[in-house]
Amino acid sequence: MLAGLRRLFALVLAVSAATVLVAVLAGLVAGSDPLRAVAIAFYLVGSVALLAGVAAGARGPMRPTRSSDEAPKMALFGLGVAARGMRPATVDERREGTALAGLFLVLGIALIVFGILADSAIDLV
């Protein structure tokens with residue numbers, strides 16, 4: 001459990017550092033306040049992570065039987081999902097999907113909190 005928390009902390013730290021670096025550079029190029037650019041970048045990246053978490057968690061219990069490198073036999077609504085050949089997801093696949101959704105949700109919440117802390121427009125005191 002402790003090793004997993006360490007990896008989660010390292011992931012949040014790495015994504016935060018990359019977000020700050022890109023935001024400061026973009027803020028300087030745009031001529032805006034770098035701290036405000038960092039806050040907005042945290043909001044944006046955190047929101048995308050939350051959306052990815054919701055999308056990962058909303059995946060249904062069925063999986064295509066074809067492998068990912070095969071072309072679909074028939075696309076449904078242009079999404080490339082095979083019309084035939086569906087199977088129930090295994091317990092491991094469902095557990096992995098839940099863990100991935102949780103990871104993205106925790107990452108998104110952490111980044112949005114960092115954005116709130118960095119935002120000069122919000123007076124926390």
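**Exercise 1. Which residues in H1 meet which residues in H3?**

Before we start, a word on the model: it is predicted, so local features need pLDDT of at least 70 and side-chain atom pairs count only at pLDDT 80 or more, while totals for chains, interfaces and linings use all residues. Residues are numbered from 1 along each chain as its sequence is written, and side-chain values use heavy atoms, with hydrogens and water left out.

Step 1: fix the terms. Contact means heavy atoms within 4.5 Å. Helices (H or I, at least four residues) and strands (E, at least two) are DSSP runs, numbered from the N terminus.

Step 2: list both sides. From H1 come Leu-8, Leu-11, Val-12, Val-15 and Ser-16, and they meet Leu-103, Val-106, Leu-107, Ala-110, Leu-111 and Phe-114 of H3.

Step 3: sort them by class. This contact of H1 with H3 has ten nonpolar residues, one polar and no charged. (Ala, Val, Leu, Ile, Met, Phe, Trp, Tyr, Cys and Pro count as nonpolar, Asp, Glu, Lys and Arg as charged, and the others, Gly among them, as polar.)

**Exercise 2. Work out how H1 is oriented to H2 and to H3.**

Step 1: know what to look for. Two packed helices are described by the angle between their axes and the distance between the axes. The axes are lines fitted to C-alpha atoms, for helices over the stretch in contact, with angles running from 0 to 180 degrees between N-to-C directions.

Step 2: take H1 (residues 2-30) and H2 (residues 34-57). Their axes come within 8 Å and cross at roughly 130°. H1 and H2 are therefore oblique to each other. (Under 35 degrees is roughly parallel, over 145 roughly antiparallel, 65 to 115 roughly perpendicular, and the rest oblique.)

Step 3: now H1 and H3. Here the axes come within 11 Å and cross at roughly 50°. That makes H1 oblique to H3.

Step 4: look at what meets in the first pair. Val-15, Ser-16, Thr-19, Val-20, Ala-23, Val-24, Gly-27 and Leu-28 of H1 meet Pro-34, Ala-37, Val-38, Ala-41, Phe-42 and Val-45 of H2. By class, that gives eleven nonpolar, three polar and no charged residues.

**Exercise 3. Is Thr-19 buried or exposed?**

Step 1: place Thr-19. You'll find Thr-19 in helix H1.

Step 2: check the number. Relative accessibility is 8%, so Thr-19 counts as buried. (Buried means under 20% relative accessible area, exposed over 50%, partly exposed in between, with a 1.4 Å probe and protein chains only.)

Step 3: see what Thr-19 touches. Leaving aside neighbours within four places in sequence, Thr-19 is in contact with Ala-41, Phe-42 and Val-45.

Step 4: look along the helix. The buried residues of H1 are Val-12, Ser-16, Thr-19, Ala-23 and Gly-27, and their cover includes H2 and H3 (91-118).

Step 5: contrast with Val-106. Val-106 lies in H3 and, at 42% relative accessibility, counts as partly exposed. Val-106 and Gly-46 sit 60 residues apart in sequence and 9.4 Å apart in space, C-alpha to C-alpha.

**Exercise 4. Check the span of H1 and place it in the chain.**

Step 1: do the check. At 1.5 Å a residue, the 29 residues of H1 should span 42 Å, and the end C-alpha atoms are 41 Å apart, which agrees. (Expected span is 1.5 Å times one less than the number of residues.)

Step 2: step back. The chain has three helices and two strands, running α-α-β-β-α from the N terminus on.
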